[in-house]
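Let's take a walk through this structure together. Keep the picture open and follow along as we stop at a few places.

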Amino acid sequence: MAAPATGTSRPAHNDVGQRRRKGPGALATAYLVIYNVVMTAGWLVIAVGLVRAYLAKGSYHGLYYSIEKPLKFFQTGALLEILHCAVGIVPSSVVLTGFQVLSRVFLTWAVTHSVREVQNEDSVLLFVVAWTVTEIIRYSFYTFSLLNHLPYLIKWARYTFFLVLYPMGVTGELLTMYAALPFVQKTGLYSVTLPNKYNFSFDYHTFLILTMLSYIPLFPQLYFHMMRQRKKVLGHVEDYSKLE
């Protein structure tokens with residue numbers, strides 16, 4: 001079952017403390033810096049595209065079409081993160097990272113791309129904005145961490161903005177899948193019915209419902225995991241500030 005797709009909760013696989021214990025070699029570090037810089041730039045392009053389209057149209061309706069191609073490209077590019085974990089150049093769980101990345105790729109291609117009727121839904125803009133802000137912060141965080149020069153503002157944003165962005169993204173994702181349900185049921189999209197030579201059936205409509213239900217146990221776990229990480233990373237700084 002797919003995990004909630006919002007990437008805010010994804011482990012900080014380039015976390016400074018982790019890297020000190022087991023860091024990538026010089027070549028791998030150079031590659032990761034380039035990868036994270038490119039991904040940061042890509043999501044900045046998406047952010048600029050959204051703002052420009054909004055200013056040109058004077059409305060937030062239908063903004064998805066202005067950033068559809070770069071969104072698909074850079075979100076699909078996140079699949080490389082699974083490979084990074086698999087080959088060991090980042091010390092994160094392949095399974096957890098895989099769930100996080102694949103669930104967002106699933107929402108991008110198997111829901112929003114495949115069910116064109118939902119592309120005008122406000123819920124799509126909701127998760128796209130949440131993803132965009134999240135990824136700009138996240139990839140910037142990774143880049144500066146790899147360079148051993150992490151500004152406190154970026155670290156603070158990484159472990160603070162998720163408080164709003166994660167629920168915002170999850171809400172958009174769930175509403176988008178819900179909006180897709182009647183169209184999936186009507187068209188039989190991606191469904192396989194019996195009889196067939198493989199004696200196999202698959203109902204995509206039911207799969208979407210089960211995916212939505214999976215958010216109930218998974219969202220709180222991931223959200224509170226990030227809360228604990230925030231306390232661990234920022235807690236001592238905030239406690240020190242109170243003493244001054």
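Start in the loop between helix 8 and helix 9, where you'll find Asn199. Keep in mind as we go that this is a predicted model. Asn199 isn't a glycine, yet its phi is positive, at about 55 degrees. Is Asn199 buried or exposed? With a relative accessible area of 65%, Asn199 is exposed, because the cut-off for that word is over 50%.

The loop between helix 8 and helix 9 also holds Tyr190. Tyr190 is another residue other than glycine with a positive phi, this one near 60 degrees. Its relative accessible area is 45%, so Tyr190 counts as partly exposed. Pro195 sits in the loop between helix 8 (162-187) and helix 9 (204-243) too. Look at the peptide bond leading from Leu194 into Pro195: it's cis, with omega near 0 degrees.

Now zoom out. What does the secondary structure of the chain come to? It's nine helices and zero strands, so if you read along the sequence the pattern is simply α-α-α-α-α-α-α-α-α. The chain has 244 residues, and 48% of them are buried.

Some stretches also carry a label from a record. An unreviewed UniProt entry places the feature "transmembrane region" at residues 30-55, 76-103, 159-184 and 204-224. Take residues 30-55: in the model that span is 100% helix and 0% strand, with its end C-alpha atoms 37 Å apart. Residues 204-224 also come out as 100% helix and 0% strand, and there the end C-alpha atoms lie 30 Å apart.

Helix 6, residues 122-146, is a good place for a little arithmetic. How far should its 25 residues span at 1.5 Å a residue? The expected value is 36 Å, and the end C-alpha atoms are indeed 36 Å apart, which agrees. Helix 6 is mostly covered, with 20 of its 25 residues buried. After helix 6 comes Asn148, which has a positive phi near 55 degrees.

Helix 4 (residues 80-87) lets you see sides. Its buried residues are Glu81, Ile82, His84 and Cys85. Why do these buried residues count as being on the same side of helix 4? Because they cover an arc of only 155 degrees around the axis. Ala86 and Val87, on the other side of helix 4, are exposed.

Let's drop in on two residues and their polar contacts. Ser103 is part of helix 5 (residues 94-113). At a relative accessible area of 4%, Ser103 is buried, and its side chain reaches the backbone oxygen of Phe99 at 2.9 Å. Over in helix 2 (residues 26-57) you'll meet Thr40. Thr40 has 11% relative accessibility, so this residue counts as buried as well. A polar atom of the Thr40 side chain lies 3.5 Å from the backbone nitrogen of Ser140.

Next, the aromatic rings. A pair of rings is described by how far apart the centres are and by the angle of the planes. How many aromatic pairs does a search of the whole structure find? The search turns up 20. One of them is Phe73 with Phe74, an edge-to-face pair at 5.0 Å centre to centre, with 85 degrees between the planes. Phe73 counts as exposed at 58% relative accessibility, whereas Phe74 is buried at 14%. Trp156 and Phe161 make an edge-to-face pair too, with 5.8 Å centre to centre and 85 degrees between the planes. Both partners are partly exposed: Trp156 has a relative accessible area of 29%, and Phe161 is at 35%.

Rings can also link up in a bigger group. Tyr31, Tyr35, Tyr139, Phe141, Tyr142 and Tyr159 are joined into a cluster by ring pairs. Phe141 has a further neighbour: Arg158 lies over its face, at 5.6 Å from the ring centre. You can find a similar arrangement at Trp131, where the charged end of Arg104 sits over the ring, 4.2 Å from its centre.

Key:
Residues are numbered from 1 along each chain as its sequence is written. This is a predicted model: local features need pLDDT of at least 70, side-chain atom pairs count only at pLDDT 80 or more; totals for chains, interfaces and linings use all residues. Side-chain values use heavy atoms; hydrogens and water are left out. Helices (H or I, at least four residues) and strands (E, at least two) are DSSP runs, numbered from the N terminus. The expected span of a helix is 1.5 Å times one less than its number of residues. Buried means under 20% relative accessible area, exposed over 50%, partly exposed in between (1.4 Å probe, protein chains only). Rings of Phe, Tyr and Trp (its six-membered ring) pair if their centres lie within 6.5 Å; planes under 30 degrees apart count as stacked, over 60 as edge-to-face and the rest as tilted. A charge sits over a ring if NZ of Lys or CZ of Arg is within 6 Å of the ring centre and within 35 degrees of the ring normal. UniProt positions are given in the numbering used here, feature names are shortened, and annotations may be inferred rather than shown by experiment. A polar contact is a pair of N or O atoms within 3.5 Å; within protein, one must be able to donate a hydrogen and the other to accept it, and residues adjacent in sequence count only if both atoms are side-chain atoms. The arc is that of the directions from the helix axis to the C-beta atoms.
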